[in-house]
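Visitor: Could you take me through the loops of this chain, with a close look at the backbone there? I would like to know what stands out.

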Amino acid sequence: NPTQVGTALQVFHNLGTLKDTIANVVDGYCTVLEENIKNALDIKVLTQPSQTVTRGGPGRAAMPTPGNTAAFRAALWTNMEKLMDQICAACGQVQHLQKVLTKKRDPVSHVCFIEEIVKDGQSDILYKFWTAVTQTLSSQFQSATDSSTFLKQAFEGEYPKLLRLYNDLWKRLQQYSQNIQRNFNTSGTTDLLAELQQMEEDAQDIFMQKTQDYDPEKALKDSLQQYEAAYLSKSLSRLFDPINLVFPPGGRNLPSSDELDSIIKTIASELNVAAVDPDLSLAVAKNVAKTIQLYGVKSEQLLSTQGDASQVIGPLTEGQRRNVAVVNSLYKLHQSVLKVITNQSSFPAAAEQTVTTALKAVHDLMGSAVQPLLNSVGDSVEAIIITMHQEDFSGSLSGSGKPDVPCSLYMKELQGFIARVMSDYFRHFECFDFVFDNTEAMAQRAIELFIRNASLIRPLGEGGKMRLAADFAQMELAVAPLCRRVSDLGKSYRQLRSFRPLLFQTSEHIASSPALGEVIPFSIILQFLFTRAPAELKSPFQRAEWSIARYSQWLDDHPSEKDRLALIRGALEAYVQSVRTREGKEFAPVYPIMVQLLQKAMSTLQ
């Protein structure tokens, strides 16, 4: 009751013993709490089976038998809960006292009582009391666990439980601070209210705010540090053990489904237990990230990097089989951990970020495991496409006006190869999305190479155009196994669709096509227009005396339109030079269209 406490303080103030009385009261609370802490941690009391049993003979040490560990732990946690109530109650008393001291003034001198106490350089009583309590907690816990392994094991093993008690205590103290603030603002006699109204709202007590040089919550939890360190170290061992077990040194096998499940369960269990506190969650999440890294390192050691890992000629080799198994195993781990963290309620963002970063590394490892195979398939696809130049596209139309064969030989070979690769190699991967993410990039590259090479075919007759148009249609079927849907390939797919009708259009029509620049790069169209020119107007690669394969490599090394257009301009300038040298009267009809297109292309680059 603020009024009664205020009256008592006034009496002591009148007697001139206010400061000593307050000091005695606060010291009294500290002494009682020290006694409470000692009792709560008293190993003799904790290990007594019950108070009524007659005492044993002399020299009987009161040590719990292993069978009693559960009873010992139960008694310990009951004591701890009681201790938290006692600390809370004592803090409440001191908070209340401090509040009244802050509000109450001497009616004669109008001096605020708190100033009387602080003027001798004493800090506020709540701060003094709290420092004493937290130091006592630290020292008592330290000496109790130093002298008893049972206590030490209990606090280390069940550290989250201890931390939860401390967190609850801290919440209650803050709650009490808020309530006391409200009560003071709404209760009390009129004269006390009048006094309160004279004063501006005073600063809140230490449980409501931390200052620059003192964090009261940290002071409370400092006594727990050694147990947290031991708990985290044991937690890491619990996480690492199942992994070290399933990847013995020199072993060549991957963990079975059950073994992987057991690893995931351990991860989930550690995270769930740590959920009592955001800081503990983050610390355990860092352990989980280390666990994921360990799994990655152990799996990587099983990967085959020999030549047979990237062959695409025969059936799956032993090395390739193992690589598929490693990728599948990493994928399962990735998906399962992802599920565990999505199911965590109130998982701190920093903790989630820590685990997600570790999972990204797993995903990257999966990528590097399949890369050699992807490279081989990509190289073979390119080698097959480039053989289109060994076929003859110069023929004229047959009588029926239809091509003699549905598609060219190289296209048949490409379709067969891609279908076989998907069924022989990629079908064994369980991570379909991951595979398609990689093979779709391969499909886009195949289309790019196909259009590039198709635009370089010289000479191209009417019959050749018909067959090439059929190849364009068949190309969609060829890359279909590599993707979810061919239309998902985006720009590559639109290029394939847009280029095909250009085969039959006049050069003027092509130059004004809306697909130009938007869908199909200018350099590709200019390359294609060379096929409509006389042999004297040499294609860029012919002028440089390169093979088509070398020119294709040059284009890969120079992806910018600027470089490619510069090379084309060089070829056009060389043609002008040769016409002038032979004193020709006119240029080929396609030449002015190409120059105009080149200028348009250059202007879009500005």
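Guide: Here is a walk through three loops, after a short look at the whole chain. Please keep in mind that this is a predicted model.

Let us set the scene. The chain has 606 residues, and 47% of them are buried. Its secondary structure consists of 25 helices and 0 strands. Of the contacts between residues at least 6 apart in sequence, 80% link residues at least 24 apart. The accessible surface adds up to about 30,300 Å², with carbon and sulfur atoms accounting for 53% of that area.

Now to the loops. Start between α14 (318–342) and α15 (349–386), where you will find Ser346. Its phi is positive, about 45°, even though Ser346 is not a glycine. As for its surroundings, Ser346 is exposed, with a relative accessible area of 68%, a value over the 50% cut-off.

Next, move along to the loop that runs between α17 (432–454) and α18 (462–479), which holds Pro459. Here the point of interest is the peptide bond itself: Arg458 and Pro459 are joined in the cis form, with omega at about -10°.

The last stop is the loop between α22 (540–543) and α23 (548–557), home to Glu545. This residue, again not a glycine, has a positive phi, near 60°. Glu545 is exposed as well, at 73% relative accessibility.

So, to gather up the backbone features: look for positive phi at Ser346 and at Glu545, and for the cis peptide bond between Arg458 and Pro459.

How values were computed
Residues are numbered from 1 along each chain as its sequence is written. This is a predicted model: local features need pLDDT of at least 70, side-chain atom pairs count only at pLDDT 80 or more; totals for chains, interfaces and linings use all residues. Side-chain values use heavy atoms; hydrogens and water are left out. Helices (H or I, at least four residues) and strands (E, at least two) are DSSP runs, numbered from the N terminus. Buried means under 20% relative accessible area, exposed over 50%, partly exposed in between (1.4 Å probe, protein chains only). Contact means heavy atoms within 4.5 Å. Accessible areas come from the Shrake-Rupley method with a 1.4 Å probe; for residues, only the protein chains shown count as cover.
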